[in-house]
Amino acid sequence: LCFTTASYYGNRAATLMMLRRFREALEDSQQAVRLDDCFMKGHLREGKCHLLLGNAMAASRSFQKVLELEPANREAQQENKTAETLLEFERMADFGFEKRDFRKVVFCMDRALAVASACHRFKILKAECLALLGRYPEAQSVASDILRMDSTNADALYVRGLCLYYEDCIDKAVQFFVQALRMAPDHEKARLACRNAKALKAKKDEGNQAFKNNNYDAAYQLYTEALTIDPNNIKTNAKLYCNRATAGAKYEEAVRDYEKVYQTEKTSDHKHLLKTAQLELKKSKRKDYYKVLGIGKNATEDEIKKAYRKRALMHHPDRHSAATPEVQKEEEKKFKEVGEAFTVLSDPKKKVRYDNGHDLDDDGCCDGRDFDANNIFRAFFGGHGGGYSFDSSPGVFFFSSFDILNLIETRYY
């Protein structure tokens, strides 16, 4: 009677295997060999079910039992070798995950799943690594397939949340992490991811609020703190770098942040942000001709001329001929800068190039060779100044009359 019953369970297991209901088939196979320990086909089916479900050690024990009963059984010999190969892929995957070599893990899991096609554990590991590699649609597809079969699978819920988290959908991600913890309260990965997600969102929101309140220093600091929470969250960190660059007062820091953004996500928008920051940095290192003349960037042509008259006369070397050599040298420098500023800002084409951050060296106006502040001064004041001459050598100035400037000031100041 026991043999007949064992055969019944064995036949039902075979039918369930054909229907790909491997867990039920495994239970029937185990029941069959419990009733008849010498039931070779029962042990063979049990081993195959273990193998398909990804339990290589248990599969190997079943195949060894078959070989004890029938040492020359080629099917058992081959299946046992397959179980050993599966174990090796598992070991390689574990080592790869430890070393954060996620591509290697995906490779190993693909090979393992070719044998253990019903193993949820292998699928989850592959999906997690796909998420960590940024291949979110593939990862979500694997996790969703598992959830369709088992909606309470905490690992699959965790992977779904992980994909959303790395795609900067933090609120939705937290919902999946919470659900995973509800199914498995001891799920350490879900607990850590949930904590990071909440902390990242809170710190980012604090920074945004500080920025809205025009408290840029506080915003910069909060964004900096947020960036330390999870270096692996590329998309959220890219936004944080953008926010920090906007809040930061130093162009060098902004360029560094936008470079990091562009390195992580090479989109056209991020490239534009980087180029804009680089341009602003370049502009910040030039002479501010508007500041030299003491005018705003929207100054009219007449305002530019008036500002030049005032500054040129203020720093003219003749006015400071009785000063110390140090003062004379400084005033000479300022007088030349005023001339440079007027040369650029009074020329519409040069002004546009200057405002757009382009180099002006090609124009030959401010490279130290063709530029002469004295020529600009004489040209601007229409020849007034009689025998006035200006030697480009430091500290050497010649004037025919000290009254010339007073005459000019009376007419133009």
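Colleague: Which residues in α3 do Phe22, Ala25, Leu26, Ser29, Gln30 and Val33 in α2 meet?
Modeller: This is a predicted model. Helix α2 covers residues 22-35, and helix α3 covers residues 40-52. The α3 residues that meet the six named in α2 are Gly42, His43, Arg45, Glu46, Cys49, His50 and Leu52.

Colleague: How many nonpolar, polar and charged residues does the contact of α2 with α3 have?
Modeller: Gly counts as polar in this sorting. Phe22 and Val33 are among the residues of α2 in the contact, and Arg45 and Glu46 are among those of α3. By class, the count is 6 nonpolar, 5 polar and 2 charged.

Colleague: Are α2 and α3 roughly parallel or roughly antiparallel to each other?
Modeller: The two helices pack at an angle of about 150°, and their axes lie 8 Å apart. Angles over 145 degrees count as roughly antiparallel. Therefore α2 and α3 are roughly antiparallel.

Colleague: Is the crossing of α3 and α4 left-handed or right-handed?
Modeller: Helix α4 spans residues 56-69, and α3 packs against α4 at about 160° with the axes 7 Å apart. That angle is over 145 degrees, so the pair is roughly antiparallel. α2 passes α3 in a left-handed crossing. The crossing of α3 and α4 is also left-handed.

Colleague: Which residues in α4 meet α3?
Modeller: On the α3 side, the contact includes Met40, Leu44, Lys48 and Leu51. By class, the contact of α3 with α4 has 8 nonpolar, 4 polar and 3 charged residues. The α4 residues are Ala58, Ala59, Ser62, Phe63, Lys65, Val66 and Leu69.

Colleague: With which residue does Lys48 form a salt bridge?
Modeller: The structure holds 19 salt bridges. In the one formed by Lys48, the closest N and O atoms are 2.3 Å apart, within the 4 Å cut-off. The pair links distant parts of the chain, from helix α3 to helix α5 (residues 74-98), 27 residues apart. The partner of Lys48 is Glu75.

Colleague: What percentage of the span 200-233 is helix?
Modeller: UniProt, in an unreviewed entry, lists residues 40-73, 154-187 and 200-233 for "repeat: TPR". In residues 154-187 the end C-alpha atoms lie 8 Å apart, and that span is 79% helix and 0% strand. For residues 200-233 the end C-alpha atoms lie 10 Å apart, with 0% strand and a helix share of 74%.

Methods
Residues are numbered from 1 along each chain as its sequence is written. This is a predicted model: local features need pLDDT of at least 70, side-chain atom pairs count only at pLDDT 80 or more; totals for chains, interfaces and linings use all residues. Side-chain values use heavy atoms; hydrogens and water are left out. UniProt positions are given in the numbering used here, feature names are shortened, and annotations may be inferred rather than shown by experiment. Helices (H or I, at least four residues) and strands (E, at least two) are DSSP runs, numbered from the N terminus. Axes are lines fitted to C-alpha atoms, for helices over the stretch in contact, and angles run from 0 to 180 degrees between N-to-C directions. Angles under 35 degrees count as roughly parallel, over 145 as roughly antiparallel, 65 to 115 as roughly perpendicular and the rest as oblique. A crossing is left-handed if the near helix is turned anticlockwise from the far one by less than a right angle, and right-handed if clockwise. Contact means heavy atoms within 4.5 Å. A salt bridge is a side-chain nitrogen of Lys or Arg within 4 Å of a carboxyl oxygen of Asp or Glu.
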